[in-house]
Amino acid sequence: MTSVQVSSNASRYGQDIAIRQFELTADEPASVGGDDQGPTPTELLLAGLGSCKAITIKMYAERKGWPVENVYVAAELHTTKNSSGEKQSVIKAYLTLVGDLSAEQRDRLREIGDRCPVHRLLSAGADIHTVLT
């Protein structure tokens, strides 16, 4: 089980986040009334996706002995309308692989990145049950 703890802090929308031994802050930008003390929750989600893809790719390349020097992932959230006119969220992940890799290796690493746990979770969706304590 993975667990994090979140609690409001002294700023208007700021949240203190505790993850294992790490402490982070989430907030909203000043343009929407926040104090801009940290990334937005959506930015944190995109960072989770990008880092998961990069880690998964690095682990796979290590096991295969492939020369991956660096992995860069830029993740963006776009809102579009589908054919029925309803809003739809689309995440675009731009992957850059640095290393002496063949076209086949690059394509395989892209596929492997799409199999990271966060990509799978977001693609499949998850039931969320909020329990009042």
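**Close-up 1. The largest pocket of the predicted model, shown with its lining residues.** The space in this largest pocket comes to about 560 Å³. Its lining is made up of 17 residues, among which T2, V4, I17, I19 and L24 are the closest to the centre of the pocket. Two or more lining residues are given by each of the elements β2 (15-19), β3 (22-26) and α1 (41-64), and the largest share, five residues, comes from α1. Sorted by class, the lining of the largest pocket holds 11 nonpolar residues, five polar residues and one charged residue.

**Close-up 2. A nonpolar patch on the surface, with L122 as one of its members.** The side chains to look for here are L45, L77, I91 and L122, which make a nonpolar surface patch of about 290 Å². Within this group, L122 belongs to helix α3, which spans residues 117-124. L122 counts as partly exposed because its relative accessibility is 34%, a value that lies between the 20% limit for buried residues and the 50% limit for exposed ones.

**Close-up 3. The loop between β2 and β3, centred on R20.** R20 sits in the loop that joins these two strands, and its phi is near 50°, a positive value in a residue that is not glycine. With a relative accessible area of 68%, R20 is classed as exposed, since the class requires a value over 50%.

**Close-up 4. The loop between β3 and α1, centred on D36.** D36 is placed in the loop between strand β3 and helix α1, where, although D36 is not a glycine, its phi is positive, at about 55°.

Key. Residues are numbered from 1 along each chain as its sequence is written. This is a predicted model: local features need pLDDT of at least 70, side-chain atom pairs count only at pLDDT 80 or more; totals for chains, interfaces and linings use all residues. Side-chain values use heavy atoms; hydrogens and water are left out. On a 1 Å grid over the protein atoms alone, a cavity is a set of points where a 1.4 Å probe fits but cannot get out, and a pocket is an open set with protein on both sides within 12 Å along at least five of seven lines; lining residues have an atom within 4 Å of a point. Grid points are joined across faces, edges and corners, and a volume is the space filled by probe spheres set on the points. Helices (H or I, at least four residues) and strands (E, at least two) are DSSP runs, numbered from the N terminus. Ala, Val, Leu, Ile, Met, Phe, Trp, Tyr, Cys and Pro count as nonpolar, Asp, Glu, Lys and Arg as charged, and the others, Gly among them, as polar. Patches are made of residues with over 30% relative accessible area and no salt bridge: like charges are joined within 9 Å, nonpolar side chains (Val, Leu, Ile, Met, Phe, Trp, Tyr) within 5 Å. Accessible areas come from the Shrake-Rupley method with a 1.4 Å probe; for residues, only the protein chains shown count as cover. A salt bridge is a side-chain nitrogen of Lys or Arg within 4 Å of a carboxyl oxygen of Asp or Glu. Buried means under 20% relative accessible area, exposed over 50%, partly exposed in between (1.4 Å probe, protein chains only).
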